[in-house]
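Let's take a relaxed walk through a protein model. Keep the picture open and find each residue as you read.

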Amino acid sequence: MQTGRGRGQGRGGRARGGSLVRTEEEQRKERRLWSRMEVQAALTLVLVLASVERSAGARCFSQFNQGQCVGELGEVEEDDCCQNPHYGHKDTDGQCRSCGPPVWSPWSSWSYCNILCGDGVSQRTRTCFGIGQSECENAEDKLQFQPCSGSCCDAKGWSLWQAWSSCTVSCGEGGVRTRHRVCSGPPECHAACTGPSDETEECPTSITCPVHGGWSGWSGWTECSGPCIAGSNIPSRTRRRSCSSPTPSADTRPPGNRCPGDELQRQGCTGLPNCPVDGGWGAWAPAGKCSASCGEGLQLSARTCDQPTPKYGGQFCAGPSTKATVCQVVCPVDGFWSGWSNWGECSSSCIPQGQAPVRTRSRSCTNPAPSTSPPGKGCSGERSQAQNCDQLPNCPVDGGWSSWTSFSACPVTCGVGLQVSDRKCNNPPAKHGGQPCPGEQRRSKICKTNVHCPVDGSWSSWSKWSKCKSPFGGRDIRCMEVRGSQKRIRECLHRDHNGSICIGDQLSEIRVCYDVHQCFLKGNWEGWENWSMCKPSCGKSQRFRRRFCKPNYSNYNPARHGQLVAFSGTPHADCGATPDGGPKIESQACSNLPPCP
């Protein structure tokens, strides 16, 4: 076997090391091949230049996989997107297209029979992806049919509808209910089931939804029931609220729930002063020596105002306290605290971040107040107290975005890529039921390199083998036991922009052969060939198969230096009558194909 090495995009190549001289016919074929390739290159250049002017915006994707676009980059011009042959794009019709060279997808699986019961056809398809889809080999061969027999003669179709589900609401309007049915039988029989498998309908109820009560706001506090505190009898004040926002419904079944809690709230007026207690005289004491450090001193018989002792600003006993000369002495009065007031409301209904709310209470130095002349001592201790409201829930903290990071470097060295910039929801992070940050965490933009990615070469299919010819000039070796040689070629297509050349260096293959074309040979029957596909692929169609008459090449030496020798051409093999006396060719109708357009 002789080999050749290609250069560039499959542009020819010279056979080297060969011992066979090319004929004039081969040289003419090679010149015609070069001419076709040059015309194709010129047309490609014209198409590329034309596309520059009419290239439109398209959605660009970083991967194309068997008709699916994956990894959307954004919208760019189609030419920019297709600088990378591995990319795909979608135009306004939403169909995903490849940026690479044209290539067939694998054949799909055979479909189910198009007839449920009786003779029909199943089909399979394939798709040509890539730029220049008409360049796929056998571009029209994308749909094939083969006969089949529908096995669903007893298909039962849909089962009965199942029971309706419960309504999504128990009262009022806006509810729906659904029901389901099942398509019986195996998947190939599901064509017997037409219509939806689920039904949905509205289910308005005749029941009015109950209205549950809600409290109005609290009224203001009433006046205290007394002006002062008399012993253990502390005056109080009240405030009210009503279950009217809204009022619970009474004409629904069930009726609306009443408001939870009390409609009256009572509070002790502990901040009031104590009520005054007037004094009463006790019995007279024996007379004694009276001296005083302030005012006059008397020798007197004294009595004490302690039945009861005056309190909280009450009246002192009337009349003199002695029966002798009175020494009038005015003494200073020291102050005393009133009771603590109730705790006030907390400064907030929840605990904000970093600082707890507080509540306060106070008291006054009025029980009694210190005298001013002579001056009495003031009350000792603090006038007010504060307390943290630690029992409250934390206030919700809504999340806030950090600054955007710089856009990343362009991740590709050719074609277009995607640069990204991020930000984090940590300024502050959302806490205690606060709202997450609104908007997107990532933004992106397309970067263009204006450099076309390499397009690797791909081999074309091998050409048919050339005629088997004698190595010694134009000698006819047909039907002779004389070995010749024949050649086939292939091209390295689509290579561009410094892409890799096709793997392997064989642009041509040469093999040793016998020319048996139209030679009369004996043969032996060896079963049937495979059925052909249904032809044509619409309307009235049929397929064929032939008995295989294997020619008897026993007179030919099948090998040369350990290498098998090929038999070139189609001989007239005579196998005689068929073993069972049957036909040599069988045909089979392909029924129920789609009508021809």
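What follows is a short tour of a predicted model, with stops at its cores, rings, disulfides and two polar residues.

## Nonpolar cores

Start on the inside. In soluble globular proteins, nonpolar side chains tend to be buried together. Here the largest nonpolar core has eight residues: C60, L73, V76, C81, C82, Y87, C99 and V416. Have a look at V416 in particular. Leaving out residues up to four places away in sequence, V416 touches C60, L73, D80, C81, Y87, I446, C447 and K448.

There is another core too, lying apart from that one. This second core has six residues, including V512, Y514, C519 and Y556.

## Rings that pair up

How many aromatic pairs does the structure hold? The count is seven. A pair of aromatic rings is described by the distance of the centres and the angle of the planes. Try that on Y553 and F567: the ring centres are 3.7 Å apart and the planes meet at 10 degrees, so this pair is stacked.

The Y553 and F567 pair links distant parts of the chain, 14 residues apart. Y553 is in the loop between strand 26 (541–551) and strand 27 (559–560), while F567 belongs to strand 29 (residues 566–568). Are these two buried or exposed? Neither label fits: Y553 has 21% relative accessibility, so it counts as partly exposed, and F567 is partly exposed as well, at 25%. Ring pairs also join Y553 and F567 with Y514 and Y556 in a cluster. You have met Y514 and Y556 already, as members of the six-residue core.

## Charges over rings

Rings can have charged company as well. Which residue has its charged end over the ring of W215? That's R241, sitting 4.1 Å from the ring's centre. Likewise, the charged end of K445 is found over the ring of F407, 4.5 Å from the centre.

## Disulfides

Now for the cysteines. A disulfide is a covalent bond between the sulfur atoms of two cysteines. This model has 26 disulfides; let's look at a few.

C60 and C81, both members of the largest core, form a disulfide with sulfur atoms 2.1 Å apart. Its torsion about the S-S bond is about 80 degrees, so this link is right-handed. C60 lies in strand 3 (residues 57–65) and C81 in helix 2 (residues 78–81), so the bond ties together parts that are 21 residues apart in sequence. Both C60 and C81 are buried.

Next, C224 is joined to C269, with an S to S distance of 2.0 Å. The link of C224 and C269 is left-handed, with -100 degrees about the S-S bond. These two cysteines sit 45 residues apart: C224 in the loop between strand 12 (198–202) and strand 13 (236–240), C269 in the loop between strand 14 (264–268) and strand 15 (284–288). C224 is partly exposed at 29% relative accessibility, whereas C269 is buried at 6%.

C350 and C395 make another disulfide, their sulfurs 1.9 Å apart. The link of C350 and C395 has 100 degrees about the S-S bond and is right-handed. C350 is in the loop between strand 16 (300–303) and strand 17 (358–362), and C395 is in the loop between strand 18 (384–388) and strand 19 (416–422), so parts 45 residues apart in sequence are tied together. Why does C350 count as buried? Its relative accessibility is 15%, and buried means under 20%. C395 is buried too, at 12%.

## Two polar residues in loops

Find S402 in the loop between strand 18 and strand 19. S402 is partly exposed, with 22% relative accessibility. Its C-alpha atom is 6.2 Å from that of C425, although S402 and C425 are 23 residues apart along the chain. Leaving aside residues up to four places away in sequence, S402 touches R423, K424, N426 and N427.

The last stop is T252, in the loop between strand 13 and strand 14. T252 is buried, at 5% relative accessibility. What does the side chain of T252 meet? There is a polar contact of 2.9 Å with the side chain of S249, and a polar atom of the T252 side chain lies 2.8 Å from the backbone oxygen of P254. Beyond its neighbours within four places in sequence, T252 is in contact with T208, C209 and P210.

How values were computed. Residues are numbered from 1 along each chain as its sequence is written. This is a predicted model: local features need pLDDT of at least 70, side-chain atom pairs count only at pLDDT 80 or more; totals for chains, interfaces and linings use all residues. Side-chain values use heavy atoms; hydrogens and water are left out. A nonpolar core is a set of buried Ala, Val, Leu, Ile, Met, Phe, Trp, Tyr and Cys residues joined through side-chain atoms within 4.5 Å. Buried means under 20% relative accessible area, exposed over 50%, partly exposed in between (1.4 Å probe, protein chains only). Contact means heavy atoms within 4.5 Å. Rings of Phe, Tyr and Trp (its six-membered ring) pair if their centres lie within 6.5 Å; planes under 30 degrees apart count as stacked, over 60 as edge-to-face and the rest as tilted. Helices (H or I, at least four residues) and strands (E, at least two) are DSSP runs, numbered from the N terminus. A charge sits over a ring if NZ of Lys or CZ of Arg is within 6 Å of the ring centre and within 35 degrees of the ring normal. A disulfide is a pair of cysteine sulfur atoms within 2.5 Å. A polar contact is a pair of N or O atoms within 3.5 Å; within protein, one must be able to donate a hydrogen and the other to accept it, and residues adjacent in sequence count only if both atoms are side-chain atoms.
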